[in-house]
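Open the structure in your viewer and keep the selection tool handy. We will go stop by stop, with something to click on at each one.

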Amino acid sequence: MPAFNEQLAQQIDTYIESVFVPADPVLAANIENADAAGLPHINITPNQGKFLYLLARISGARRVLEIGTLGGYSTTWLGRALPASGRLITLEYSPVHADTARKNLAAAGLDQIVEVRVGDAAASLTAMIDGGEPPFDLIFIDADKVGYPKYLDLALQLSRPGTVILADNIIRNGAVMQEDPEHPDDRGARAYNTAVAAHPRLESIALPMFKDKIDGIAISRVK
Ligand code: SAH
Ligand code: DHB
Ligand code: MG
């Protein structure tokens, strides 16, 4: 089997970005501010951001839930897909990440639409379910990978037929193909794929995408 041509994949990703994703000062500032605040460089890529934005637009999403905010890069893409009356709740464990995200989202003009909630995502989701939170149109899972199966269960309780559930980092350069992955993150991502593929309430696919290595996003629709 020929080796995967990483350089070519990178060039293609850069080409797609140059054609389809115009440079954007607000998004550039988001990354700069996250960097200055010492946040890790684990946001989605510009091409993945455009992809999430389009899925939100195509599905006509008005209410979006994000699990894992970081500096609000993916949040900005999703928030921009919503009408002025839309709502986006994003869950983040780290107060420093949440604070950085709030500043970035205000600079993006999205502070009327987006709310950053600090705390463990599972606890926040449980509180939302217990509080009778109405269902979301689109849910993006991107926090700790070990928690993915649990986040799926909770996300389903905040869904209605037609809700789109997305999850980042579910290929992990192919590590998820191991039957019994050693790394807990790989185990979590693999368990997520197995769960969404077999779930009676979901129709799903995994889409490989290039991000330094090959990673990908899972796409599910609630029946
Ligand atoms: N969606 C972001 C990247 C998120 S990185 C983007 O693409 O721009 C993952 C984030 O999840 C980190 O900020 C991390 O602090 C947060 N996180 C990790 N474990 C968490 C938990 N248990 N609850 C909530 N957030 C968590
Ligand atoms: C990493 C990448 C991500 O997209 C993420 O959400 C979490 C961690 C990583 O490369 O470690
Ligand atoms: Mg991610």
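Select K145 and ligand 2 together: an N or O atom in the K145 side chain is 2.9 Å from an oxygen atom of the ligand. Keep in mind as you look around that this is a predicted model.

Next, add N169 to the selection. One of its polar side-chain atoms also lies 2.9 Å from an oxygen atom of ligand 2. For I42, turn on the backbone, since the atom to find is there: a polar backbone atom of I42 is 3.1 Å from an oxygen atom of ligand 2. How much of ligand 2 does the protein bury? Taken alone, ligand 2 exposes 290 Å², and the protein buries 62% of that.

Now show the full set of neighbours. Around ligand 2 you will find I42, D142, K145, D168, N169 and K211. Try colouring this shell by residue type: four of its residues are charged, one is polar and one is nonpolar. If you switch on a surface, look for the largest pocket, as that is the space ligand 2 takes up.

For the next stop, select ligand 3, the magnesium ion. Which residues coordinate the magnesium ion? They are D142 and D168, each through OD, and N169 through OD1, at 2.1 Å. To follow these donors along the chain, look for the spacing D-x25-D-N.

Finish on D168 and N169: both residues are buried. N169 is worth one last click, as it both coordinates the magnesium ion and has a polar side-chain atom 2.9 Å from an oxygen atom of ligand 2.

Conventions:
Residues are numbered from 1 along each chain as its sequence is written. Chains are lettered from A and ligands numbered from 1 in the order in which they are written. This is a predicted model: local features need pLDDT of at least 70, side-chain atom pairs count only at pLDDT 80 or more; totals for chains, interfaces and linings use all residues. Side-chain values use heavy atoms; hydrogens and water are left out. A residue is near a molecule or strand if one of its heavy atoms lies within 4 Å of it. A polar contact is a pair of N or O atoms within 3.5 Å; within protein, one must be able to donate a hydrogen and the other to accept it, and residues adjacent in sequence count only if both atoms are side-chain atoms. Accessible areas come from the Shrake-Rupley method with a 1.4 Å probe; for residues, only the protein chains shown count as cover. On a 1 Å grid over the protein atoms alone, a cavity is a set of points where a 1.4 Å probe fits but cannot get out, and a pocket is an open set with protein on both sides within 12 Å along at least five of seven lines; lining residues have an atom within 4 Å of a point. A molecule sits in a cavity or pocket if more than half of its atoms lie within 2 Å of its grid points. Ala, Val, Leu, Ile, Met, Phe, Trp, Tyr, Cys and Pro count as nonpolar, Asp, Glu, Lys and Arg as charged, and the others, Gly among them, as polar. Donors are N, O and S atoms within 2.8 Å of the metal (3.2 Å for Na, K and Ca); water is not among the atoms, so sites may look incomplete. Buried means under 20% relative accessible area, exposed over 50%, partly exposed in between (1.4 Å probe, protein chains only).
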